[in-house]
Each structure stands twice: as structure tokens, then as C-alpha cells.
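Hi everyone, thanks for coming. Let me put the structure up, and then I'll walk you through a few helix pairs and some charged contacts.

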Amino acid sequence: MESDSEMVPFPQLPTPIETNYRACTIPYRFPSDDPKKATPSEISWINVFANSIPSFKKRAESDTTVPDAPARAEKFAERYAGILEDLKKDPESHGGPPDGILLCRLREQVLRELGFRDIFKKVKDEENAKAISLFPEVVSLSDAIEDDGKRLENLVRGIFAGNIFDLGSAQLAEVFSRDGMSFLASCQNLVPRPWVIDDLENFQAKWINKSWKKAVIFVDNSGADIILGILPFARELLRRGTQVVLAANELPSINDITYTELTEILSQLKDENGQLLGVDTSKLLIANSGNDLPVIDLSRVSQELAYLSSDADLVIVEGMGRGIETNLYAQFKCDSLKIGMVKHLEVAEFLGGRLYDCVLKYNEVQS
């Protein structure tokens with residue numbers, strides 16, 4: 001499943017990792033719960049994953065790279081639904097008790113066992129092409145904002161608007177297949193502030209008065225998310241002299257961007273001098289995070305990423321799966337930003353916010 005080379009802990013996690021880090025924001029169960037009986041929280045999350053089966057099956061059926069895709073897609077739906085039912089009956093089956101990472105991993109395992117490698121490839125390619133054509137417009141709108149704080153807010157809103165493109169949410173997959181999504185309209189239509197976790201003013205104040213040496217950004221989805229949300233923000237960091245490492249998945253998972261796809265996108269966006277609309281990209285690196293899921297356990301990353309991150313002074317974890325569901329409360333040895341949109345009702349309820357609410361959690365480490 002994962003890369004052949006040994007995985008290592010992300011170097012900016014405080015040690016000992018066993019007691020300081022767990023890749024799970026919402027507790028599905030507590031030590032006092034009966035190990036043989038699924039908790040209400042486990043059941044509700046198993047149902048979230050069950051609700052995503054039809055949209056995954058539909059994508060799998062139309063995967064032209066796989067022989068007898070429709071029959072295999074049917075098998076995927078049956079097999080994964082069966083696993084989820086097993087977990088409801090016995091939470092300790094299939095390597096449980098279940099959490100977000102296990103439920104994602106089991107889904108990927110079933111797909112890969114049936115020969116599916118990248119069922120969202122077609123839609124990712126289409127969305128990337130669309131977003132690439134909009135990139136100059138989005139950047140020039142941002143560049144036209146003279147006030148640093150206001151420009152930052154505009155870039156942050158762009159990250160939220162881009163993050164809507166998430167086919168792991170059954171509801172959004174439905175909306176998306178019906179009428180697509182407009183990036184600029186999404187920027188206008190974000191839920192009003194204050195957001196459910198809203199450290200924007202604090203982050204703006206630091207942004208204006210502080211510069212970071214090296215930022216590592218764990219990126220999320222293809223299309224508008226990476227191209228119109230993260231890249232304009234990363235470009236602004238580069239312009240301010242920060243070295244930027246974009247950490248992307250090794251293997252495909254839902255519509256998440258992989259590091260090979262991201263390398264290809266950047267080569268299309270850069271000009272012949274290696275510039276990103278006038279900004280030098282010699283300090284921009286793309287790293288393989290070693291991950292193969294839409295969520296991430298930072299106690300296991302690639303050695304390449306660990307090496308590149310050892311001297312980072314800002315870590316940004318973006319997206320609902322990585323930034324909210326698995327790492328919202330993760331502590332780091334350097335400054336950190338968790339940023340993403342809430343796209344599951346269960347997450348909104350846990351945080352006490354609204355569906356499509358925004359999370360911007362900034363923690364500064366006192367040196």
C-alpha cells in the first residue's frame with residue numbers, strides 16, 4: 001500500500017510521539033466503552049462512509065483503465081458495505097475499532113484489490129485543466145490588493161473556496177456531478193465570519209510582522225483546491241522570501257492531488273524562466289508525503305519529507321481530512337496553521353458550527 005522505504009515520524013511533532021500525538025480529532029469511543037459493541041459515534045461515522053459508496057461505485061464503473069469495471073465496481077460496493085456492516089456488529093473486526101484512518105484505508109484496500117488505482121483520474125484532469133485556465137485571473141485579483149492583511153484574507157478565502165471541491169463528501173459529490181462548482185462564486189458565498197474556529201486576525205497580525213524561513217504545506221484536493229487556493233497562497237509566501245515545501249500524496253485517493261500530478265501542474269503554470277506569474281520558484285519544492293489516504297497520520301511520513309521538514313518553522317495542514325478530522329489538535333514544535341472547510345454534518349456538530357463552516361486555527365510557538 002505505502003512506499004517501500006521505511007516511514008518515519010514527522011520531525012515537527014513533539015516527542016515522545018506515543019503520548020503526544022494521535023491522528024484522530026473526533027473520539028469515536030472512550031476506554032469505558034464496551035469493546036464488543038459499536039458506539040453511537042462509530043455507527044454514525046460508519047454510515048457516513050456507507051453513504052459515499054454509490055458515488056465511488058459510479059466513478060469505478062466508468063474507469064476505462066480497468067477491464068470489466070462495472071462488475072468490479074459492483075463487487076467493491078458489496079464488499080465494502082459488508083465490511084462496514086461487520087464493524088457495526090463487532091467494532092474489533094477488520095483491525096478495528098474503527099476511526100477515520102481505518103475506514104478510509106479499508107475502502108482503498110478493497111478498491112486496489114479489485115484493480116482500481118485511480119477512479120477519480122478523469123474528473124481530476126478535467127478540474128485541473130479548468131483551474132489552470134483561471135489561475136492568472138485569480139492571482140491578478142489577489143495581487144491588486146495593496147493592503148497586506150486584506151490580501152492575506154483574500155488568499156485564505158481562496159483556500160476555503162477551493163477546498164469545496166471534495167468528492168469524498170457524498171453531498172458535494174452529488175452537487176458537483178449536477179452542476180459543477182464556480183470558484184469565484186464560492187469565494188463570495190463562504191459562510192459569514194466568525195467561522196467555527198477563526199484565528200484570522202491573529203494570523204494576519206503575525207503575517208504582517210513576522211516572516212517564516214520555511215513552510216511545509218500538506219495539500220489536499222486537485223483542481224481549484226490546489227491550483228486556485230493553495231498555489232496563490234504559496235506564491236505569496238515565496239514572494240515574502242519563505243521557502244515552501246508542498247507535501248502531496250504518494251498514491252491517488254479520492255480526488256486528492258498526488259506529488260507526480262502536482263509536479264506536472266507546476267510545470268504547466270511556470271514560465272520559461274521558472275517563474276509563477278512573476279515570482280521566482282527556486283525555493284518551491286514538491287515532496288512525496290508517503291501517504292495514500294485522504295486523511296494523514298503524521299507519525300508515518302516519507303523519509304524525504306521528514307528530511308525536508310526538519311528545519312521548518314511553519315507547518316500548514318490543509319483540508320477537512322488532514323487539517324480537521326485527523327490533525328486539528330495536533331501540536332507542533334513550530335508555528336502551525338490548520339485550515340479547511342467542514343463538509344460533514346458530523347464534524348460541524350462536533351465543532352459546534354455549521355455545515356460548510358470554515359476552520360482557521362493558528363498556533364504560534366513561543367521561542
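Before the first pair, a quick word on angles: a helix axis here is a line fitted to C-alpha atoms over the stretch in contact, and the angle between two axes runs from 0 to 180 degrees, taken between N-to-C directions. And keep in mind that what you're looking at is a predicted model.

Okay, helices α4 and α5. That's residues 69-89 for α4 and 100-113 for α5, and they pack at about 150 degrees with their axes 10 Å apart. Anything over 145 counts as roughly antiparallel, and therefore α4 and α5 are roughly antiparallel to each other. Their crossing is right-handed. On the α4 side, the contact uses F76, R79, Y80, I83, L84 and L87, and α5 answers with L103, L106, R107, V110, L111 and E113. Sort those by class and you get 9 nonpolar, no polar and 3 charged residues.

Let's stay on α5 for a moment, but look at its charges. Side chains of opposite charge can pair when their charged atoms come close. Inside α5, E108 and R112 do this, with a salt bridge at 3.5 Å, N to O. Those two sit 4 residues apart in the helix, so they're separated by about one helical turn. Are they buried or exposed? E108 has 4% relative accessibility, so it counts as buried, and R112, at 12%, counts as buried too.

Now R105, also in α5, has a partner from somewhere else in the chain. It meets D292 in a salt bridge of 3.4 Å, N to O. D292 lives in the loop between β6 and α13, and the two residues are 187 apart. Both of them are buried.

Here's another long-range one. D220 and R322 form a salt bridge, and their closest N and O atoms are 2.9 Å apart. D220 is in the loop between β2 and α11, while R322 is in helix α14, so this pair ties together parts that are 102 residues apart in sequence. D220 comes out at 3% relative accessibility, so call it buried, and R322 is buried as well, at 2%.

How many salt bridges are there by this rule? The count comes to 31. Some are joined up: D143, D148, R151, R235, E236 and R239 are linked in a network.

Hang on to R151, E236 and R239, as they come back in the second helix pair, α7 with α11. These axes come within 7 Å and cross at roughly 155 degrees, and therefore α7 and α11 are roughly antiparallel to each other. This crossing is left-handed. From α7, the contact includes R151, L152, L155, G158 and I159, along with G162 and N163. From α11 there are A224, D225, L228, G229, I230, P232, F233, E236 and R239. By class, that's 8 nonpolar, 4 polar and 4 charged.

Last stop, G162. Where is it? In helix α7, which covers residues 148-163. It has 0% relative accessibility, so it counts as buried. Setting aside residues up to four places away in sequence, G162 touches F183, A224 and D225. Its C-alpha atom is also 9.3 Å from that of S182, which is 20 residues away along the chain.

That's the tour, so over to you for questions.

Technical notes: Residues are numbered from 1 along each chain as its sequence is written. This is a predicted model: local features need pLDDT of at least 70, side-chain atom pairs count only at pLDDT 80 or more; totals for chains, interfaces and linings use all residues. Side-chain values use heavy atoms; hydrogens and water are left out. Angles under 35 degrees count as roughly parallel, over 145 as roughly antiparallel, 65 to 115 as roughly perpendicular and the rest as oblique. A crossing is left-handed if the near helix is turned anticlockwise from the far one by less than a right angle, and right-handed if clockwise. Contact means heavy atoms within 4.5 Å. Ala, Val, Leu, Ile, Met, Phe, Trp, Tyr, Cys and Pro count as nonpolar, Asp, Glu, Lys and Arg as charged, and the others, Gly among them, as polar. Buried means under 20% relative accessible area, exposed over 50%, partly exposed in between (1.4 Å probe, protein chains only). A salt bridge is a side-chain nitrogen of Lys or Arg within 4 Å of a carboxyl oxygen of Asp or Glu.
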